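Colleague: I've got the model open and I'd like to learn how to read it. Can you walk me through the features one at a time?

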Amino acid sequence: MVLRYCTKGDIVLIVVLFVLSAGSTAGVRTLFSGGKHVVVEVDGRHEMELSLDRDVTETVRGPIGETVVTVEHGKVRIVKSDCPHKYCIRMGAISRSGEVIVCVPNHVVVKVTGGGKDEFDGIAQ
Amino acid sequence: MTGGSSATRRLVLIAMLSAGGLVFFVFESFLPLLPWLRPGLGNVATIIALFLLGFRDATKVTLLRIILGSLVLGRLFTPVFLFAFSGGIASLVVMGLVLRYLGRVFGPVGISALGAVAHNTVQLGVAYLVFVKSMEVFIFMPVFLLAGVVTGALTGLLAAVVLEKMDKHSGLRALTSEAP
């Protein structure tokens with residue numbers, strides 16, 4: 001009944017567009033959710049960028065010594081630091097977009113970016 | 001309905017289609033749906049105009065509908081108007097091109113689906129360029145595409161039915177038969 005008003009081209013086109021919109025769901029997912037990154041800053045300078053998907057350990061140098069950053073199981077934490085109180089190590093592991101670990105004495109900031117919307121609506125600075 | 005110059009017949013059809021599309025456009029704005037996922041029933045008028053009168057007059061029908069509709073709703077030259085305007089023009093251009101070059105392959109249903117997809121894609125683009133300025137708006141792409149296919153096919157079907165009825169109606173056929 002309805003098909004009477006459709007040409008063959010119409011039917012093929014609509015099927016193709018359906019497939020395309022389903023396919024774009026997958027595309028959007030890989031583009032926006034997989035791509036979480038960790039940005040490490042020292043003294044406000046962009047030092048390095050790591051992917052949360054790959055386990056890796058990196059060392060950065062700050063004013064008072066070395067800080068070791070480890071990505072493991074999709075989370076990032078500071079495992080070793082030359083700072084006196086080790087608060088940065090005790091802050092534990094973070095993984096959500098917008099979360100931050102700071103080591104004040106060594107001027108190191110580790111933050112998670114990307115992956116779509118931040119966990120926070122906004123951050124006052 | 002016979003007699004009268006071809007130009008007058010054209011004028012009558014443009015006026016009728018603009019008025020009809022305008023009613024749909026305004027009516028639709030009262031539907032308690034998601035603000036961005038309306039069926040686009042006003043586009044039925046554009047499709048009919050494309051098939052019966054050609055691109056030039058379909059442009060008139062589309063512009064009249066969007067501008068007058070926005071005026072009626074008090075949205076003229078607001079951000080919402082920008083969405084309706086850019087989407088309407090994109091849809092019109094895509095449908096016009098498809099009808100011109102692929103008119104043998106696709107009927108009203110396919111042309112309308114493509115137009116609706118263009119409409120939604122351009123609206124997302126405008127949202128990105130003018131309002132959000134963050135790539136994250138394209139997360140909505142799949143939803144907008146799917147909505148475009150569904151609503152576009154349905155309004156296209158409606159246009160196809162109306163076109164057929166118009167063809168069978170003797171008075172209306174007299175109105176359109178001489179329009180190239």
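Modeller: Sure, let's begin with where the chains meet, bearing in mind that this is a predicted model. Here 19 residues of chain B are in contact with 18 residues of chain A.

Colleague: Which elements give two or more residues to the side of chain B that touches chain A?

Modeller: Those are α5 (108–132) and α6 (141–168) of chain B. The most comes from α6(B), which supplies nine residues.

Colleague: And how does that side of chain B divide by class?

Modeller: Facing chain A, chain B has 16 nonpolar residues, two polar and one charged.

Colleague: Let's stay in chain B. How do I read the way α2(B) and α5(B) cross?

Modeller: Look at the axes and the angle. The axes of α2(B), residues 43–53, and α5(B) come within 11 Å and cross at roughly 125°. An angle between 115 and 145 degrees counts as oblique, so α2(B) and α5(B) are oblique to each other. The crossing of α2(B) past α5(B) is right-handed.

Colleague: Which residues make that contact?

Modeller: From α2(B) you have B:N43, B:I47 and B:F51, and from α5(B) there are B:P108, B:I111, B:S112 and B:G115. By class, four of the residues in this contact are nonpolar, three are polar and none is charged.

Colleague: Now chain A. What is the order of its elements?

Modeller: Chain A has two helices and seven strands, and from the N terminus they run α-β-β-β-β-β-α-β-β.

Colleague: What percentage of chain A is buried?

Modeller: Of its 125 residues, 21% are buried. As for contacts in chain A with a separation of 6 or more, 32% are between residues 24 or more positions apart.

How values were computed:
Residues are numbered from 1 along each chain as its sequence is written. Chains are lettered from A and ligands numbered from 1 in the order in which they are written. This is a predicted model: local features need pLDDT of at least 70, side-chain atom pairs count only at pLDDT 80 or more; totals for chains, interfaces and linings use all residues. Two residues are in contact if their C-beta atoms, placed from the backbone, lie within 7 Å. Helices (H or I, at least four residues) and strands (E, at least two) are DSSP runs, numbered from the N terminus. Ala, Val, Leu, Ile, Met, Phe, Trp, Tyr, Cys and Pro count as nonpolar, Asp, Glu, Lys and Arg as charged, and the others, Gly among them, as polar. A residue is buried if 20 or more other C-beta atoms lie within 10 Å of its own, exposed if 12 or fewer, and partly exposed in between; C-beta atoms are placed from the backbone. Axes are lines fitted to C-alpha atoms, for helices over the stretch in contact, and angles run from 0 to 180 degrees between N-to-C directions. Angles under 35 degrees count as roughly parallel, over 145 as roughly antiparallel, 65 to 115 as roughly perpendicular and the rest as oblique. A crossing is left-handed if the near helix is turned anticlockwise from the far one by less than a right angle, and right-handed if clockwise.
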